[in-house]
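Please take a short guided tour of the structure shown below, keeping a viewer open so that each selection can be made as it is named.

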Amino acid sequence: MNIEKFESYQEQIQRTRSFNETELANYTLGLVCEAGEFGDLIKKHLFHGHELDEEKVKSELGDVLWYLGNICNILDIKLEDIAFGNIQKLKNRYPNGFSQQDSINREE
């Protein structure tokens, strides 16, 4: 995992932060809304016959990442720590890779 890229991204998005007492709530709601917009693209592709536009997908996922990155900035959490922790959690849950059986029988 290239940590420098995560660190650089978090530094660069500081330029567009609000830096006020409501930004955590704003960014949390923004994250949920942008994830919903991404979900809508997928829904329309799978169920309404729309072409899946890669540029729109990238744009919506970029917005999700921006909100997540700024939430991390506010809470003084490194994106790479989140990514690394998630990989470790998945390795523990699925040491041999994902399987339906392991998913059904996993302990929390």
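**Starting from one side chain**

Select Asn-73 and display its surroundings: once the neighbours within four places in sequence are set aside, Asn-73 is in contact with Gln-10, Ile-13, Gln-14 and Arg-17. Bear in mind while looking that this is a predicted model. Asn-73 belongs to helix α3, and it counts as buried because its relative accessibility is 15%, where the cut-off for buried is under 20%.

Next, keep Asn-73 on screen and add Glu-7, Gln-10, Glu-11, Gln-14, Cys-72, Asp-76, Ile-77, Lys-78 and Glu-80, which together with Asn-73 line the largest pocket. The space in this pocket comes to about 160 Å³. Colouring the lining by residue class should give two nonpolar, three polar and five charged residues. If the colouring is by helix instead, α1 (3–13) and α3 each supply at least two residues of the lining, and α1 gives the most, with three.

Then move to Ile-13, one of the contacts of Asn-73, and extend the selection to Tyr-27, Trp-66, Tyr-67 and Ile-71: these five residues form the largest nonpolar core. Helix α3, which spans residues 54–75, contributes three residues to this core, the most of any element.

Which residues does Tyr-67 touch, not counting those up to four places away in sequence? Selecting Tyr-67 as the last stop shows Asn-26, Tyr-27, Gly-30, Leu-31 and Glu-34, and among these Tyr-27 is itself a member of the largest nonpolar core.

Terms used: Residues numbered from 1 in each chain as written. Predicted model: local features only at pLDDT ≥ 70, side-chain atom pairs only at ≥ 80, totals over all residues. Heavy atoms only, no water. Core = buried A, V, L, I, M, F, W, Y, C linked by side-chain atoms within 4.5 Å. Buried < 20%, exposed > 50% of the residue type's maximum accessible area, 1.4 Å probe, protein only. Helix = DSSP H or I, 4+ residues; strand = E, 2+ residues; numbered from the N terminus. Contact = heavy atoms within 4.5 Å. 1 Å grid on protein atoms, 1.4 Å probe; cavity = no way out; pocket = protein on both sides within 12 Å on 5 of 7 lines; lining within 4 Å. Points joined across faces, edges and corners; volume = space filled by probe spheres on them. Nonpolar A, V, L, I, M, F, W, Y, C, P; charged D, E, K, R; others polar.
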